[in-house]
Amino acid sequence: MRIRTTMRALAATGMAAVLGLAGAGAVQAAPTTEQLVRAVSTMLTRADIPDNIRVSAKGYSFTASEGVNPQPWLCSTNNKVRLGPPAVQQYQSELGDLDLRRDAAIQQNLYLYGSVEAAQDAWEKVKTRAAKCTGTTRETDGEGDMEYTWTQRVRNGTTQFETFGVPGLWIHSNSDNKSQDYEFIDDEYVVMYLVGNAIQTLEYDRDYKQNITAAERATLQALGKSLAERWAG
């Protein structure tokens, strides 16, 4: 939905195209060409998307950020955004498009924390904050005559899969499909795994009138595990 899109962008302020990285205030050196090539070649592509996960035919982007403290997106409840701890670097591969109704998008994010210990500490904080992504809330977006409100149910839990002995996390934000037909409301399923010195999130967004099924959620958990293990090499 629009509010999530806007706030997620703010959380990753400074994210730039692969050849135009933000460098102000960097806490580590900008990614090398070799690192960028590895990220592009290792992260999510259309060939990875399972048959039962519908993603819009148009839309692809790869972005990288550095020195701008990007934070993992968790959820928005009662118009309050919940994020993970700031990372030192981020890579994102996104497929699909949510600009039009009935579209769907999927994105893989890798948030690098500089060391395994730092990532583990961030993971513990993510678990604590993700546990607060729960309940049925009323959300609001827009303003004036364009303001609208809808009901959202948010749940969280532990994945059925592990990466390197650590269970992952999931957060499911399900908007009321009986609401008025607002173009920018979507349902969202986020799967998170700890991967060495990084936290990976796999996020699937789809039009709110087409609920994300249990079978699709299980597939996304498995896909997240596969991508995390591929990144780890």
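This passage walks through a predicted model of one protein chain, from its overall make-up to a few individual residues.

Some ground rules come first. The model is predicted, so local features need pLDDT of at least 70 and side-chain atom pairs count only at pLDDT 80 or more, while totals for chains, interfaces and linings use all residues. Residues are numbered from 1 along each chain as its sequence is written, and side-chain values use heavy atoms, with hydrogens and water left out.

In broad strokes, the protein chain has 4 helices and 11 strands. Here helices (H or I, at least four residues) and strands (E, at least two) are DSSP runs, numbered from the N terminus. The chain has 233 residues, and 49% of them count as buried. Buried means under 20% relative accessible area, exposed means over 50%, and partly exposed is in between, with a 1.4 Å probe and protein chains only. As for contacts, meaning heavy atoms within 4.5 Å, those between residues at least 6 apart in sequence were looked at, and 65% of them join residues at least 24 apart.

Next comes the nonpolar interior. A nonpolar core is a set of buried Ala, Val, Leu, Ile, Met, Phe, Trp, Tyr and Cys residues joined through side-chain atoms within 4.5 Å. The largest one holds 29 residues, and those touching the most other members are Tyr91, Ile106, Tyr204, Leu220 and Trp231. Two or more residues come from each of helix 2, strand 2 (60–66), strand 5 (89–96), strand 6 (104–112), strand 10 (186–195), strand 11 (198–207) and helix 4. Helix 4 is the top contributor to this core, with 5 residues. There is also a second, separate core of 18 residues, and its members include Ala87, Tyr113, Val126 and Leu169.

Helix 2 and helix 4 also pack against each other. Helix 2 covers residues 33–42 and helix 4 covers residues 214–232; their axes are 10 Å apart and meet at an angle of about 150°. Axes are lines fitted to C-alpha atoms, for helices over the stretch in contact, and angles run from 0 to 180 degrees between N-to-C directions. The two helices are therefore roughly antiparallel, on a scale where angles under 35 degrees count as roughly parallel, over 145 as roughly antiparallel, 65 to 115 as roughly perpendicular and the rest as oblique. The crossing of helix 2 past helix 4 is right-handed; a crossing gets that label if the near helix is turned clockwise from the far one by less than a right angle, and is left-handed if anticlockwise. Helix 2 makes the contact through Arg38, Ala39 and Thr42, and helix 4 through Arg230, Trp231 and Ala232. Sorted by class, that contact has 3 nonpolar, 1 polar and 2 charged residues. In this sorting, Ala, Val, Leu, Ile, Met, Phe, Trp, Tyr, Cys and Pro count as nonpolar, Asp, Glu, Lys and Arg as charged, and the others, Gly among them, as polar.

Helix 4 is also home to lysine 225. This lysine 225 is partly exposed, at a relative accessible area of 21%. Setting aside neighbours within four places in sequence, lysine 225 is in contact with Phe161, Glu162, Thr163 and Tyr193. Its C-alpha atom is 8.4 Å from that of glycine 168, with the two positions 57 residues apart along the chain.

Threonine 137 sits in strand 7 (residues 135–141) and is buried, with a relative accessible area of 7%. Not counting residues up to four places away in sequence, threonine 137 touches Thr77, Asn78, Trp150, Thr151 and Gln152.

Asparagine 78 itself lies in the loop between strand 3 (73–77) and strand 4 (80–83). Its phi is near 50°, a positive value in a residue other than glycine, and asparagine 78 is exposed, at 52% relative accessible area. Phenylalanine 164 likewise has a positive phi, about 55°, without being a glycine. The loop that holds phenylalanine 164 runs between strand 8 (148–163) and strand 9 (166–175), and at 56% relative accessibility this residue counts as exposed.

Finally, helix 3 (residues 116–130) contains glutamine 120, which is partly exposed at 41% relative accessibility. Glutamine 120 and glycine 196 are 76 residues apart in sequence, yet 8.2 Å apart C-alpha to C-alpha. Alanine 118 is found in helix 3 too, and at 27% counts as partly exposed. The C-alpha atoms of alanine 118 and glycine 196 are 9.7 Å apart, for a sequence separation of 78 residues.
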